[in-house]
Amino acid sequence: MFLLSVPPRSMLLLCVAGLVFFAVAAGLAFSTAGQNSVPFLEADGGGVSPVEEPRDDITEEQRKLIESDIERNVKWLSGAGKIGPSSPEVVQFAWPVQKSDGGPGFSVDAISNYLDQAPPGQLLDWNCGMRTYDGHKGIDIYTWPFTWNLMDSGSVEVVAGAPGTIVGKFDGNYDRSCAMNNSMWNAVYVRHSDGSIAWYGHLKNGSVTTKSIGETVSMGEKLGLVGSSGNSTGPHLHFEVHTETNQLRDPFQGACNTINAESWWIQQEPNRVSRINRLMTHSAPPSFNTCPQPETSNEKSTFRPGESFRAAAYYRDQLQGHQTQYSILRPDGSVLQSWSHQSPNTYSSSYWFWTVNIPTFGPGGTWKFTALYNGQMYEQTFAVDPDVSISGRAVDPNGRGISRASISMTSPQGVTISVITSTAGYYVFQSVPFGEVRTIRASSKRYRFMPREVTLSNDLTDVDFTGIE
Ligand SMILES: [Zn+2]
């Protein structure tokens, strides 16, 4: 029975595989046709990240200082029995940077530099590329988009790539470096079970873990926040690995890694991780200010009918020719507009933005800005609020509130609604349709008032009436 059951199952699987293949092929054909029908739209602006990709330097003197500190601490901790003899396990790292709980967007980091494998004067990274600079001994992972804002909001955490014991740390150094300045960084050094040590440098001032030297940390435990302390041109983590005998290691396995054969990652990321880090809606294009000033994002997420805004996408590792298909969806899911874009170049971090016009008739509700990129759908909601409120006060000639005055509001079509003022003379009309013109009148037993005509282009809070005897 068992043997007999094998052929039908195999055939069934073949059939299913055939159907899946057919469906995938059909789906591809369909989506290609769909993409062709979406107009290509040149961006209103964007391109390469205007923020210089951060880099750093550790001077020979600083390096000696760090190494002798670590050596002394390791000796002391070994003597005190706080770290045992090393075991020849293979240490494997998780990614040492993560978005904090509640941090903005989908992802918050990109890579500016790998370790330089080449002799002095030449550049070569593990992948046989040149994403490095001369003599760089670690990996630089920077914050993107809104480099400084992410640092200031503490949205990018440095976490232990592997469990171990803290064998050195420093906090208290200035953390808004924009250039090489020979100052020391804030950092944590973690020794693993095999005796190897990971350096986590450039941390934000005051963010370094309160755990003491000799205490253990687990994989993924927060060690601090990304900053720009020490010799650094902008917020980033410098991650560097040494063996027990202080031999430098490159955690990435690759054809041009001639230092070590094995990968030190649990799951090694490819050279390029093409993704959207964030979708945003803005009142105006973002401005990237002079280092170390925070960026002015001009983020805005609630709009009026008829208002224009900028829809922007922020990428990590967007490659030349990469297509993105964008859509603006109304609250009912129908498409207001769709367009596509092709990356003109290859970038470590890039962004593009377009102008979107919300129709004058809305509708109000929760809208979506979506992007289909590299097989992944991203979406960001924004609100269209079609209602305004009108409020104000009726006062007598001496500025005292008039209670129980009648305030009436008449639409262009002649529809009138009324409210009565409070004890202190205040009134409010809620949920009035945006964009129209209203005539507002006040009346009371004792006073006369001049009528007012208002255009409902925004919430109005001081539509006041002063009584005339
Ligand atoms: Zn570095």
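User: What handedness does the link of Cys-128 and Cys-256 have about the S-S bond?
Analyst: With 100° about the S-S bond, the link of Cys-128 and Cys-256 is right-handed. This is a predicted model, in which local features need pLDDT of at least 70 and side-chain atom pairs count only at pLDDT 80 or more, while totals for chains, interfaces and linings use all residues. Residues are numbered from 1 along each chain as its sequence is written, and side-chain values use heavy atoms, with hydrogens and water left out.

User: Why is the pair Cys-128 and Cys-256 called a disulfide?
Analyst: A disulfide is a pair of cysteine sulfur atoms within 2.5 Å, and the S to S distance between Cys-128 and Cys-256 is 1.9 Å, so the pair meets the definition. Cys-128 lies in the loop between β3 (109–113) and β4, and Cys-256 in the loop between β12 and β13, so the link ties together parts that are 128 residues apart in sequence. Strands are DSSP runs of E of at least two residues, numbered from the N terminus.

User: How do you know whether Cys-256 is buried or exposed?
Analyst: Buried means under 20% relative accessible area, exposed over 50%, and partly exposed in between, with a 1.4 Å probe and protein chains only. Cys-256 has a relative accessible area of 15% and is therefore buried, whereas its partner Cys-128, with 39%, is partly exposed.

User: What makes Cys-178 and Cys-291 a disulfide, and what is the pattern of the disulfides of the chain?
Analyst: The sulfur atoms of Cys-178 and Cys-291 are 2.0 Å apart, and they form a disulfide. With -95° about the S-S bond, the link of Cys-178 and Cys-291 is left-handed. Cys-178 lies in the loop between β6 (164–170) and β7, and Cys-291 in the loop between β13 and β14, so this pair ties together parts 113 residues apart in sequence. The count by this rule comes to 2 disulfides, and with bonded cysteines counted along the chain they follow the pattern 1-3, 2-4.

User: What makes Asp-56, His-136, Asp-140 and His-238 protein donors of the zinc ion?
Analyst: Donors are N, O and S atoms within 2.8 Å of the metal (3.2 Å for Na, K and Ca), and water is not among the atoms, so sites may look incomplete. The donor atoms lie 1.9 to 2.5 Å from the zinc ion: Asp-56 (OD) is listed twice, alongside His-136 (NE2), Asp-140 (OD) and His-238 (ND1). Asp-140 in strand β4 (residues 139–143) and His-238 in strand β11 (residues 236–242) link distant parts of the chain, 98 residues apart, and both Asp-140 and His-238 are buried.

User: Why is Asn-271 called buried or exposed?
Analyst: Asn-271 has 18% relative accessibility and therefore counts as buried. Asn-271 is found in the loop between β12 (248–249) and β13 (275–282). Not counting residues up to four places away in sequence, Asn-271 touches Tyr-114, Trp-126, Asn-127, Arg-131 and Asp-317, contact being defined as heavy atoms within 4.5 Å.

User: How do you know that β19 and β20 are joined, and in which sense do they run?
Analyst: Two strands pair if DSSP finds at least two bridges between them, and 9 bridges join strand β19 (residues 365–373) to β20, which run antiparallel. Within β20, Glu-379 is the bridge partner of Thr-370. The two strands form a hairpin with 2 residues between them, and Asn-374 in the turn has a positive phi of about 55°.

Conventions:
Helix = DSSP H or I, 4+ residues; strand = E, 2+ residues; numbered from the N terminus.
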